[in-house]
Amino acid sequence: MAGRPEIKVGDWIYVGQTACVVAMVHQDTTLCDCMVVSHPDKPTNSDVVWNGENWEFAPGDFGGYADRNPFLQHFVAQLKRGPHWRP
């Protein structure tokens with residue numbers, strides 16, 4: 001099992017086939033490693049864990065309405081632009 005890859009806020013990661021923007025990285029990884037925003041058509045924020053090989057959505061986390069959370073608006077905009085967008 002490999003240690004968690006280095007990630008920072010604003011990075012793109014894939015959870016399975018789902019492209020996600022990292023919105024928060026947790027130092028205490030007891031419950032989860034980070035929060036992401038995904039699904040540009042219906043933006044959702046979810047907790048994500050590193051299982052030693054891949055990223056996966058945290059068990060029991062059903063996500064939230066990212067587009068309704070002012071803190072997440074920047075990440076929702078980034079998500080909607082897509083992972084290959086350049087300024």
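Colleague: Which residues make up the largest nonpolar core of the protein?
Modeller: This is a predicted model, with a mean pLDDT of 91 for the protein and 94% of its residues at 70 or more. Strands β1 (12–15), β2 (18–25), β3 and β4 (44–50) each supply at least two residues of the largest nonpolar core. Ten residues in all belong to this core, namely Ile-7, Ile-13, Val-15, Cys-20, Val-22, Cys-34, Val-36, Val-48, Trp-50 and Trp-55.

Colleague: Which residues does Val-48 touch, not counting those up to four places away in sequence?
Modeller: Val-48 is itself a member of the largest nonpolar core, and other members of that core, including Ile-13 and Trp-55, are among the residues that it touches. With residues up to four places away in sequence left out, Val-48 touches Ile-13, Val-15, Cys-32, Asp-33, Cys-34, Val-36, Trp-55, Glu-56, Phe-57 and Ala-58.

Colleague: Is Ser-46 buried or exposed?
Modeller: Ser-46 has its place in strand β4, and, leaving aside neighbours within four places in sequence, it is in contact with Cys-34, Met-35, Val-36, Phe-57, Asp-61 and Gly-63. The relative accessible area of Ser-46 is 8%, and the cut-off for burial is under 20%. Ser-46 therefore counts as buried.

Colleague: What is the pattern of the secondary structure along the sequence?
Modeller: The secondary structure comes to one helix and six strands. Among these elements, strand β6 (residues 64–65) has the lowest mean pLDDT, at 93, and strand β3 (residues 34–38) the highest, at 97. Read along the sequence, the elements follow the pattern β-β-β-β-β-β-α.

Colleague: What is the radius of gyration of the protein, and why is the protein as compact as a globular protein of that length?
Modeller: Along its principal axes, the C-alpha trace spans about 35 × 25 × 25 Å, and buried residues make up 37% of the 87 residues. For 87 residues the globule rule gives 12 Å, and the radius of gyration is close to that value, so the protein is as compact as a globular protein of that length. The radius of gyration is 12 Å.

Colleague: Which kind of aromatic pair do Trp-50 and Trp-55 form?
Modeller: The count of aromatic pairs in the model comes to two. In the pair of Trp-50 and Trp-55, the distance is 5.1 Å centre to centre, with 65° between the planes. Trp-50 is buried at a relative accessible area of 19%, and Trp-55 is likewise buried, at 9%. Since planes over 60 degrees apart count as edge-to-face, the pair of Trp-50 and Trp-55 is edge-to-face.

Colleague: Which kind of aromatic pair do Phe-71 and Phe-75 form?
Modeller: Phe-71 is partly exposed, with a relative accessible area of 47%, whereas Phe-75 is buried, with 7%. The rings of Phe-71 and Phe-75 lie 6.0 Å apart centre to centre, with 55° between the planes. The pair of Phe-71 and Phe-75 is tilted.

Colleague: How far apart in space are His-74 and Ala-23, C-alpha to C-alpha?
Modeller: His-74 lies in helix α1 (residues 73–81) and is exposed, with a relative accessible area of 51%. In sequence, His-74 and Ala-23 are 51 residues apart. In space, C-alpha to C-alpha, His-74 and Ala-23 are separated by 9.0 Å.

Key. Residues numbered from 1 in each chain as written. Predicted model: local features only at pLDDT ≥ 70, side-chain atom pairs only at ≥ 80, totals over all residues. Heavy atoms only, no water. pLDDT = per-residue confidence, 0-100. Helix = DSSP H or I, 4+ residues; strand = E, 2+ residues; numbered from the N terminus. Core = buried A, V, L, I, M, F, W, Y, C linked by side-chain atoms within 4.5 Å. Buried < 20%, exposed > 50% of the residue type's maximum accessible area, 1.4 Å probe, protein only. Contact = heavy atoms within 4.5 Å. Rg over C-alpha atoms; globule rule 2.2 N^0.38 Å. Phe/Tyr/Trp six-rings, centres within 6.5 Å; stacked < 30°, edge-to-face > 60°.
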